[in-house]
Amino acid sequence: MTSQTSEGISEFSFETKYTTNQKTPLLWILSHTIHQWPYILMALFGAMSNATLASIVPIFIGRAYNEITSINPSLAIIGQFALVIGISQALRGVLQFCRNFGFEIIAQQIERYVRQELYVNLLGKSMTFHNLQSVGELMARATNDVREVNYMFSPGFNLVIGSLNFLLIPLIVGPTYHIALIATPAAFIILYSLTLWHYLNILNPITSQVRESFGNLNSRLAEAIDGIEVVKGNAQEDSEIERFRENAIEYRDASIKQGDVESRFLPLLLLGITMAAGLGHALILLQQGFINVGDVIAYFGTLSLLGFPTFVSLFAYSQISLGFAGARRILELMNTENKLDQNIEGFAQPILGAIEFNDVVFGYNSDEPILKNINISIEPGQTVAIVGQTGSGKTSLVKLINRTFDVQKGEVLVDGVDVRDWYLESLRNQISIIEQDVFLFSRSIADNIAFGKQDATRKEVIQAAKEAQAHEFILSFENGYDTVIGERGVTLSGGQRQRLALARAFLTSPKILVLDDSTSAIDSETEDHIQQAIFRAAEGRTTLIITHRLSQIRWANLIVVMRQGEIVAVGSHEELMQVSKSYQKIFSE
Amino acid sequence: MGFFSGLAAEKYDRQYSDKRLLKRILDYFKTQSKRLFIVGITIVLISVIEAAMPIVVSRGLDKVTQQIISSSLILTLTGIVLGLGIFSWLANFLRRRYSARTIADLIRQLATDAFQASVHQDMSFHDSFSSGKIVSRITSDTREFGQLITLSTDVLMQTITSIILSVVLIRTEWRMALAVFLLVPLLFFLVMQYRHAAREITRDGMRAMANVNATIKETVSGIAIAKNFRQEEAIYEEFQEANQTSFKVNIKRGFILSIVFPTLRAIAGIATALLVYFGAISILEGFVTAGAWYLFLTTVDRFLHPVMSVSSFFTQVQTGLSAAERIFALIDSEHSVEQKGAVYPKNLDGQIDMISVEFSYTPDEKVLNNFSLHIDPGETLALVGHTGAGKTSIGRLIARFYEFQGGKILIDNEDIRNYDLISLRRQMGIVPQVPFLFSGTIEENIHYGCPICDQDEILKIANQIGEGEWLETLPNGLDTEVGERGSQLSMGQKQLVALMRVLIQKPSIFILDEATASIDPFTEKQIQTALDLILSETTSILIAHRLSTVRSSDRILVMRQGEIIEEGNHEQLTAQGEHYAELYNTYFRHQSLEYVEEAKKYVKK
């Protein structure tokens with residue numbers, strides 16, 4: 001399947017098994033389900049026959065009763081009935097397994113393909129999208145919501161379809177004894193549906209309330225314990241305890257409310273009344289000679305099959321609604337649009353490294369600009385330091401260069417050509433951005449360094465690591481370059497991760513390097529390494545460094561001071577020392 | 001759901017004796033005795049009704065077969081069945097209502113007591129118990145314990161019903177009864193086998209799924225960087241593998257779990273068939289009536305239910321009791337920091353004396369040995385030294401977060417153990433290395449330092465820092481939401497908020513563990529201003545990581561392995577050229593302007 005956008009263009013496409021309809025959750029689920037049709041047949045067959053065979057027991061017990069109480073009971077005939085019961089139930093076991101396992105396979109298959117579809121879709125989304133989207137939310141969709149869709153089928157649909165069959169059987173079997181006997185099960189089904197719908201309507205807001213109050217309780221609890229030092233330091237133990245007490249009472253009240261609603265579960269009462277009514281009705285017909293005792297037994301027995309849907313309903317229906325909710329969220333995510341186009345015909349040349357910002361205005365939405373009046377002129381090979389407090393717009397500024405975001409007004413030029421006129425791939429291939437939180441995979445150090453150039457030789461990797469001042473600390477590990485990092489391996493400090501990211505960048509040799517430098521070194525030896533690595537990385541290419549380091553600021557060719565989305569000062573260190581008071585302050589002791 | 005619960009239960013080593021645990025549990029149950037009594041009665045009622053239903057129907061059938069059916073018979077029979085059905089629902093209604101209240105209140109009580117106990121514990125307790133563990137005990141363990149109660153009532157009801165029915169069956173025809181009873185151990189054995197297999201595969205499955213989930217997490221988080229390097233295909237391969245593995249593991253598990261109920265159904269069905277035949281023989285030989293035969297047939301199912309519940313009962317009880325124990329362990333654990341007196345300090349001068357103090361966190365690692373220190377009121381003291389030198393311990397002992405083993409600590413010449421701890425701490429401002437913020441607005445966080453102060457005072461203090469320029473960097477000024485643990489703020493902003501909390505508190509003693517994270521130079525200056533404001537009004541103990549701090553302190557203590565090896569101010573110690581000079585060169589020099597100027601040597605362009 002390809003990731004389709006409204007313009008039909010995306011940043012990445014990959015072929016997979018089949019296409020789906022992404023218009024509504026229902027259609028989407030259906031388009032996935034259709035591909036599981038052999039298992040659906042197996043499951044449905046299992047479900048229907050399960051109910052049918054279940055009814056064999058009361059029916060044949062009824063017949064056996066008639067035979068036993070007849071004038072000349074034949075053991076042979078009773079034996080036949082017993083055989084029918086035995087074989088049918090054994091068969092029923094097999095078919096019930098088919099139903100269960102069939103739904104299970106459907107559920108797992110759909111989970112697999114849905115997750116795959118979501119992932120391909122995410123890969124195809126633009127860098128803009130990924131910069132705006134929180135990873136936590138993506139994770140929730142890819143794991144929890146996909147799981148909910150799985151549960152929707154098994155146990156959800158499994159139990160619902162299974163139980164629907166059980167509802168139908170008394171409706172079918174009753175009339176075989178006497179047409180009037182259809183009355184009681186029919187009445188039950190109608191009343192059952194009504195009371196169930198009513199019940200779920202009342203229950204749903206209450207379960208949300210329970211979930212919410214629990215979430216509240218839990219999060220404040222976690223905070224108080226995490227920050228216990230602050231709590232104690234500020235002598236706030238009593239107020240925290242009071243707060244917890246109140247939250248706990250709220251949760252208790254909501255739980256009791258839920259328990260009260262659940263205790264009133266009417267379908268259970270309905271079942272009791274139905275059994276009595278059915279029995280009474282059958283006895284009347286018996287008195288009038290329309291049916292015999294065996295029939296009464298059989299009918300009463302099939303009525304008890306109604307018990308299964310009654311007990312199952314609570315749990316199964318809510319599972320299905322949760323599943324659809326999850327499907328809706330996943331679909332919403334997949335349908336979020338890609339706005340940037342690749343401009344395949346665009347400008348594609350080796351970059352020299354001149355960057356220009358002309359009257360740039362930028363914001364995520366049109367009413368709140370993050371950047372205003374941005375005018376900068378950078379020559380090829382210059383090192384530019386960008387400084388400012390948090391929220392001054394530094395990161396957004398640099399992301400305009402490789403078209404992670406597009407400007408709203410003004411233009412950004414690379415080598416004199418508007419970035420929107422560049423072929424996106426060519427532009428991005430030659431620009432490297434090293435983020436604040438360096439992402440490394442749970443693989444070997446060598447693999448991580450070579451991530452951008454998979455066919456790099458070990459020699460090239462080592463060379464890159466040396467230039468990034470990482471070679472020494474890599475060798476300090478037992479397995480050197482083959483050391484696995486991450487959860488299953490060693491943990492690296494911020495400075496070490498930064499240098500690995502620099503090594504990664506060295507291998508791909510970008511013409512423009514953007515570095516978000518936010519690490520700090522505790523000791524001067526590490527600081528020396530980091531300084532060297534950064535200065536080395538900036539050689540021979542246009543480099544923009546968002547930094548706090550005074551040495552980087554001091555020796556940059558151009559310094560850009562930002563405040564609240566605007567440039568308040570730009571120039572060399574000497575110029576700024578003359579012109580800007582706040583800049584002077586930084587370099588005072 | 002009876003059979004499937006507790007398959008993934010972890011092991012927990014019980015420390016409490018059963019007797020002690022039961023006594024603790026009974027203490028809590030005592031508060032709910034009235035409700036429990038009602039629940040008990042309803043349980044018995046429901047069990048009796050459940051047993052009565054098939055008995056009534058079978059007797060009725062006998063009557064119906066043997067006599068002429070009169071309208072009064074129909075009415076009676078229908079009436080009884082109707083009555084039983086309604087009563088059953090009513091009894092269940094009551095049972096659920098009262099169980100819900102009992103359990104909800106029990107959980108609330110336990111959770112509140114556990115939280116209270118945790119909060120009042122000292123820091124050594126919180127060092128050995130991760131916060132995740134404590135939270136889990138307060139929320140999920142209490143819930144698990146509640147579930148144990150629900151489970152127990154269910155099992156009790158089913159067992160009573162089965163016992164009543166067993167008695168009736170034996171009295172009707174003991175040979176057939178025995179045949180039915182034989183079914184129970186057979187089913188039980190089968191169910192236990194299944195549980196064993198299911199538990200194995202669940203455990204394996206969980207391990208496999210943990211790996212898969214980790215890979216999925218990584219491949220999803222890594223999409224942005226994969227795009228950066230045009231490595232989409234490579235990361236897709238990795239994802240696919242994990243997705244496939246997840247599928248295979250789950251199918252295996254689904255297979256095993258799908259077999260259980262069908263197998264039991266089939267066995268019950270075959271047992272029914274056998275009963276039909278051999279029961280018929282009994283009838284023809286005059287041992288039982290047809291109605292009794294019918295009774296046997298309909299009760300086979302009833303015996304099935306308890307077997308399912310009881311099979312998981314033992315594991316569930318263990319898990320439930322373990323959960324209960326974990327909660328009680330929390331509530332009952334001892335405090336190591338005990339105050340002896342209750343002096344309420346009004347305005348401390350802030351003189352601190354440590355006299356021959358002995359302190360270790362754990363019995364084998366001594367941190368402070370015969371340690372003595374005198375601090376004048378209003379003095380600013382900086383502590384420097386390598387990791388593990390004992391710097392943090394001093395602040396922690398003065399804050400009374402930990403108990404020391406020997407010597408004395410005096411504050412304003414009064415033994416620290418004689419103070420009322422809450423009042424004492426109100427006179428102290430404590431800022432840890434990573435400032436902690438609660439979710440809420442900045443104002444709420446600052447307010448935490450002085451609950452009685454109003455908004456104007458907060459605004460005044462905020463504006464003392466560089467004319468409130470730092471507020472402009474925030475989307476909503478003081479009303480900006482800081483997010484969980486302050487995640488929406490930068491490290492520098494968090495520091496400022498933490499310092500402002502102290503400023504508004506106006507303490508006599510200030511203890512600061514300086515942050516080591518990199519902060520932009522503008523915010524750095526603002527933090528400096530805030531710090532200077534605090535230092536001028538308090539006795540301060542600073543664990544120094546910033547150059548400006550050591551420069552401006554009245555006195556610097558150089559520590560090593562719990563001892564003071566050098567003492568003096570920055571100029572004196574630098575001139576001496578010994579330990580301090582070495583530390584300076586390692587930890588502080590690269591923060592100096594001298595170093596900045598020297599960086600020129602790296603610039604080749």
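Colleague: Which residues form one aromatic cluster with B:Phe229?
Modeller: A:Phe439, A:Phe441 and A:Phe451 join B:Phe229 in that cluster. This is a predicted model, where local features need pLDDT of at least 70, side-chain atom pairs count only at pLDDT 80 or more, and totals for chains, interfaces and linings use all residues. Residues are numbered from 1 along each chain as written, chains are lettered from A and ligands numbered from 1 in the order written, and side-chain values use heavy atoms, without hydrogens and water.

Colleague: How many aromatic pairs does a search of the whole structure find?
Modeller: The search gives 33 over all chains. Rings of Phe, Tyr and Trp (its six-membered ring) pair if their centres lie within 6.5 Å; planes under 30 degrees apart are stacked, over 60 edge-to-face, the rest tilted.

Colleague: Why is the pair A:Phe244 and B:Phe115 called stacked?
Modeller: Happy to explain: the centres are 4.4 Å apart and the planes at 20°, so the pair is stacked.

Colleague: What makes this a pair that joins two chains?
Modeller: A:Phe244 lies in helix α8 (residues 237-263) of chain A and B:Phe115 in helix α3 (residues 71-120) of chain B, so two chains are joined. Both A:Phe244 and B:Phe115 are buried (under 20% relative accessible area; exposed is over 50%, partly exposed in between, with a 1.4 Å probe and protein chains only).

Colleague: And why is B:Ile86 called partly exposed?
Modeller: Its relative accessible area is 33%, so B:Ile86 falls between the two cut-offs.

Conventions: Helix = DSSP H or I, 4+ residues; strand = E, 2+ residues; numbered from the N terminus.
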